[in-house]
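Thanks for coming. I will talk about a cavity, one helix and the nonpolar cores. Please look at the structure first.

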Amino acid sequence: MPYCLNPSCQKPNNPEGGRFCMNCGKNLQLKGLYEAIALIGQGGMGRTFRAKDLGRLGQPCAIKQFLPQFREPELMKKAIALFESEAAQLKVLGSHPQIPELIAYFEEEGYLYLVQELIDGENLYNELQSQGIFSEAKIYQLLEDILPVLQFIHDRQVIHRDIKPDNIVRKKEKGKRKKSNSQLPSTNSPQSNLVLVDFGAAKAFTTDTANRTGTLIGSAEYVAPEQARGKALPQSDLYSLGVTCIHLLTGISPFDLYDDVSDRWIWRDNLQTSLSSHLANILDRLLERAISNRYHSANEVMNDLQSLVNLSSSSISPQSSSNIQNYAQAYSQIRQLQELLSLGQWQESDRLTNKIILQLANKSKVSKLQADDIDNIACDIWIAIDQAWMEFSNNRFGWSTQKQIWKSLGGKMIYEEDTYWEFANIYEKFSDRIGWRKPRWFNLEFSPKIWRKYENLTFAIAAPRGHLPSLFFWEGFNLVDAVLYRLEICRQTRENS
């Protein structure tokens with residue numbers, strides 16, 4: 001139904017097919033091409049409408065109407081400049097799948113209008129409110145998706161100047177079933193579903209930008225120190241992206257994540273889940289207040305995102321490029337694991353977990369893994385895999401859950417050769433508890449137990465607590481104490497670092 005754009009109209013909704021508002025008589029079609037359908041946003045600078053482009057066979061679009069709530073000449077002048085700036089920057093940036101396309105910009109009957117591609121989805125601030133804090137995997141995905149967009153606009157001499165969760169929209173996927181709240185976007189997808197919006201604060205920069213003082217633009221919680229002084233740089237967008245990430249990780253206002261007394265960020269103290277040192281170090285560098293200590297470009301962040309340079313808590317000593325590639329592949333597979341777990345694909349997740357460990361140990365079977373192999377795999381790998389299983393199973397599966405069960409049965413973290421039979425006795429009780437063995441006869445309690453086949457394990461959330469992952473199942477029975485001890489040492493090391 002056409003929606004009247006006259007701000008004074010008391011009954012803006014009109015029947016389908018009308019050209020003029022039945023209440024106030026205003027023409028319902030801008031330039032005879034664009035027809036508003038519904039009001040979808042309103043703020044101090046204007047209103048945004050869902051609309052259709054009649055010149056493109058009714059294709060959905062968005063109409064922004066400049067309608068400031070103030071009349072002071074100086075403020076009006078700046079507001080008009082910002083509105084026009086958005087159109088100018090969108091035109092400069094051209095067509096990019098993660099930036100709204102500019103369709104038209106014009107004045108009609110005393111009002112300024114901007115028509116652009118309609119981004120149908122939810123911004124990350126609303127996603128945070130509805131789904132809770134972001135996992136490490138979702139932050140990795142956010143960085144991988146948005147950093148190329150920032151490099152794209154910076155290469156074209158544009159600074160966004162207002163990077164924040166509200167201005168990153170997760171576009172709805174067409175033709176696919178709706179994802180669950182915890183589902184992550186596929187890391188194998190060639191096209192991201194995250195879109196950077198609201199270029200109203202964007203500006204062109206030149207090599208002498210840092211020497212010129214301008215007006216403060218941006219949202220105070222996310223703005224870089226130099227931008228607060230009116231000297232925005234491309235690195236200012238990187239700072240704001242870092243602040244966006246710690247807000248999404250903690251759910252806490254960035255104002256409360258900085259301690260003015262000690263003059264430092266305290267976001268790590270407010271994490272509700274553990275975070276790999278790899279990602280934490282990247283975020284710390286994005287948040288450096290001194291520009292010289294911050295990343296210089298989005299490309300530099302992307303390179304670091306894929307590297308192992310910052311794995312400070314791990315025991316990696318790469319001696320070959322193949323070792324580095326194995327770990328880079330492992331981190332990619334862990335993000336794939338998180339997606340599979342979020343979808344409840346438990347058997348695929350179990351197989352991928354074992355595959356990651358075997359690849360890093362350079363072994364073909366779980367039965368060939370030794371304690372030394374376990375100790376030589378980086379702590380970040382063990383913690384990230386365990387955290388993924390725990391998070392997406394609501395603590396039902398994962399090595400931490402298996403450790404709780406193991407210790408409750410009297411199991412130790414370290415066994416020697418002369419205590420093998422004690423270990424074997426506990427392992428049988430452990431396997432019975434988590435459902436890897438079953439009674440031979442009619443599920444009777446006193447019946448002798450027999451081992452299930454792997455394909456007969458229960459790959460469902462209804463499985464017994466600790467049933468998955470299956471790294472310790474039968475072939476890997478001798479790994480229980482080694483892996484659980486390694487995980488405990490890794491967590492202690494991280495807590496003390």
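A cavity here is a set of points, on a 1 Å grid over the protein atoms alone, where a 1.4 Å probe fits but cannot get out; lining residues have an atom within 4 Å of a point. Grid points are joined across faces, edges and corners, and a volume is the space filled by probe spheres set on the points. This is a predicted model, where local features need pLDDT of at least 70, side-chain atom pairs count only at pLDDT 80 or more, and totals for chains, interfaces and linings use all residues. Residues are numbered from 1 along each chain as its sequence is written, and side-chain values use heavy atoms, leaving out hydrogens and water.

The search finds one cavity of 30 Å³ or more, with a volume of about 80 Å³. Its lining includes Glu136, Tyr140, Arg335 and Gln387. Helices are DSSP runs (H or I, at least four residues), numbered from the N terminus. Helix α8 gives the most to this lining, four residues.

Next, helix α9, residues 346–361. Its 16 residues reach 23 Å from first C-alpha to last, close to the 22 Å expected; that expected span is 1.5 Å times one less than the number of residues. Just after α9, Asn362 takes a positive phi of about 55°.

Last, the cores. A nonpolar core is a set of buried (under 20% relative accessible area, 1.4 Å probe, protein chains only) Ala, Val, Leu, Ile, Met, Phe, Trp, Tyr and Cys residues joined through side-chain atoms within 4.5 Å. The largest has 55 residues, and Ile381, Trp406 and Phe472 have the most contacts inside it. Helix α11 supplies the largest share of this core, nine residues.

Key: On a 1 Å grid over the protein atoms alone, a cavity is a set of points where a 1.4 Å probe fits but cannot get out, and a pocket is an open set with protein on both sides within 12 Å along at least five of seven lines; lining residues have an atom within 4 Å of a point. Helices (H or I, at least four residues) and strands (E, at least two) are DSSP runs, numbered from the N terminus. Buried means under 20% relative accessible area, exposed over 50%, partly exposed in between (1.4 Å probe, protein chains only).
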